[in-house]
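Work through the exercises below with the sequence and the coordinates open. Each task is followed by a worked solution.

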Amino acid sequence: MSWGTELWDQFDNLEKHTQWGIDILEKYIKFVKERTDIELSYAKQLRNLSKKYQPKKNSKEEEEYRYTACKAFLSTLNEMNDYAGQHEVISENMTSQITVDLMRYVQELKQERKSNFHDGRKAQQHIETCWKQLESSKRRFERDCKEADRAQQYFEKMDADINVTKADVEKARQQAQLRHQMAEDSKADYSSILQRFNQEQWEYYHTHIPNIFQKIQEMEERRIVRIGESMKTYAEVDRQVIPIIGKCLDGIVKAAESIDQKNDSQLVVEAYKSGFEPPGDIEFEDYTQPMKRTVSENSLSSSKEGKPELKFGGKSRGKLWPFIKKNKGATPEDFSNLPPEQRRKKLQQKVDDLNKEIQKETDQRDAITRMKDVYLKNPQMGDPASLDHKLAEVTQNIDRLRLETQKFEAWLAEVEGRLPARSEQARRQSGMYDGQTHQTVTNCAQDRESPDGSYTEEQSQESELKVLATDFDDEFDDEEPLPAIGTCKALYTFEGQNEGTISVVEGEMLSVIEEDKGDGWTRIRRNEDEEGYVPTSYVEVYLDKNAKGAKTYI
């Protein structure tokens, strides 16, 4: 089957059909483009939805996510975020593998189609020109033949007329001969042009047009194959993300299966447990006796003569915590407005936060101290006095934080001493930071209980903080340059603008003379005369195990 032989006379229809094929291809491109826009919009909406229901930082919602059901919901939100990412992948792959590729192909297809039909029109114009030449020579031959016939008839008429002179007859004879000669010439020309036209026409219908139409047919078939391949790619792009989408859904199922109702119930107990014991029986007050009535300690009526005392660790008398109106003022620093168990948790959390801040300040102080030692041993690297202000400020912060910690630990010890006996596992554990120990304050002020169940304490301000001195290693006893304990490669460019630091360029190899001591800095040397500190995270260190001072990591 060939368009050149079967459709030799359908030039205009083929032109319309190929244009229709390009329109179909452009329509499919538009379809895919709109699908990618939908995928992007859907992914954006999913991400916004996930973000909308994420817990806000430092809010009550964040505390709610301690419960396993809320954790599972948070995992669902995170999985939906990943799920949205797969729809973005679909959009990106369809754009790069289908839309962009087909748009470029359409431009090439239009150019090829234009070239093929241009050749076809050129062949048509040529055969039409040959046909016009043939028609022109034919009409000229016909005209000359008629002129020759009239000239011959005129000569015969003149020759039969006896009244015509011989000269006129001779003139008519010559004119007839001339016309006959012109007719013969026109006949020869017409015959030659006719043969040439037949040859051109045969080549047009058997060579030129078949070749051109064959190219058009191949072009159209390539277009059909290309759109079929694009449809396969369309399906494959979707298929590629199915495993990852399945993992997202599996993650949601796993999160749902991790929900533990018993654990959530225990968290409710820990969150709202007051630490009080249920009130005892209310004693009977006999008003029939003539003796003076006394107000029972178990009465719910308000008393102006005495204040009930709350007993911990034994039978609770006179204090009905659930029925007491709570204060609505500002929260006291010692959380005395809270029930004992909740107060203990708040104080423990405060102590832990303060200890973390102390550790952070201690690390900063150690780093400044080490830097100052470097300046003392190597004055060319910087002025040690420039660090005194910062060191004093950090030391003052540490002292302030330790006093705060001591105060809250005293309150915590008081609460733990007044609460009923608890298991050792639930007891607070005091952390040790940087080899420094805190002396527990035991002289707590006597507490007083207010009628509404809150407590106020007066703490002695005469307690003193005793800090054990910490010995620092002196790595710079010798004036001689420190030996190299390994090499390092700069992973990133670092601009050493502060005193004691050194600038490095990404990819540079240098010598390591002192590894990171825990402060995040590594001491390096370049060309035996330039040394300083760089962030440990900016270099990749290769220690020489045989070098003196190199640590061995197990």
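The exercises cover helix packing, salt bridges and a surface patch in this predicted model.

**Exercise 1. Helix packing**

Determine how α2 and α4 are oriented relative to each other, and give the handedness of their crossing.

Solution.
- Step 1: Locate the elements. Helix α2 spans residues 11–52, and helix α4 spans residues 68–160.
- Step 2: Take the two descriptors. The axes of α2 and α4 come within 8 Å, and they cross at roughly 165°.
- Step 3: Classify the angle. Angles over 145 degrees count as roughly antiparallel, so α2 is roughly antiparallel to α4.
- Step 4: Assign the hand. The crossing of α2 and α4 is left-handed.

**Exercise 2. A salt bridge between two helices**

Find which parts the salt bridge of E88 with R47 ties together, and classify the accessibility of E88 and of R47.

Solution.
- Step 1: Check the distance. The closest N and O atoms of E88 and R47 are 2.9 Å apart, and the cut-off for a salt bridge is 4 Å.
- Step 2: Place the partners. E88 is in helix α4 and R47 is in helix α2, so the bridge connects parts that are 41 residues apart in sequence.
- Step 3: Classify exposure. Partly exposed covers the range between 20% and 50% relative accessible area. E88, at 23%, is therefore partly exposed, and so is R47, at 28%.

**Exercise 3. Two further pairs**

For the salt bridges E170 with R173 and D366 with R365, state whether the partners are buried or partly exposed.

Solution.
- Step 1: Take E170 and R173. Their N to O distance is 1.9 Å. Both residues lie in helix α5 (residues 166–257), three residues apart, about one turn of the helix.
- Step 2: Classify this pair. E170 has 31% relative accessibility and counts as partly exposed; R173 has 27% and is also partly exposed.
- Step 3: Take D366 and R365. The closest N and O atoms of this pair are 3.6 Å apart.
- Step 4: Classify this pair. Buried means under 20%, so D366, at 14%, is buried. R365 is buried as well, at 12%.

**Exercise 4. Network and total**

List the members of the salt-bridge network that includes R370, and give the count of salt bridges in the model.

Solution.
- Step 1: The linked residues are R370, E514, R523, R525 and E531.
- Step 2: The count comes to 25 salt bridges.

**Exercise 5. A nonpolar patch**

Identify the residues that make the nonpolar surface patch, and classify the accessibility of L49.

Solution.
- Step 1: The patch is made by L49, Y53 and F73 and has an area of about 290 Å².
- Step 2: L49 belongs to helix α2. With 43% relative accessibility, L49 counts as partly exposed.

Definitions and conventions
Residues numbered from 1 in each chain as written. Predicted model: local features only at pLDDT ≥ 70, side-chain atom pairs only at ≥ 80, totals over all residues. Heavy atoms only, no water. Patch = residues over 30% accessible without salt bridge, like charges linked within 9 Å, V, L, I, M, F, W, Y side chains within 5 Å. Areas by Shrake-Rupley, 256 points an atom, 1.4 Å probe, with all protein chains shown as cover. Salt bridge = Lys/Arg side-chain N within 4 Å of Asp/Glu carboxyl O. Helix = DSSP H or I, 4+ residues; strand = E, 2+ residues; numbered from the N terminus. Buried < 20%, exposed > 50% of the residue type's maximum accessible area, 1.4 Å probe, protein only. Axes fitted to C-alpha atoms, helices over the stretch in contact; angles between N-to-C directions. Parallel < 35°, antiparallel > 145°, perpendicular 65-115°, else oblique. Left-handed = near helix turned anticlockwise from the far one by under 90°.
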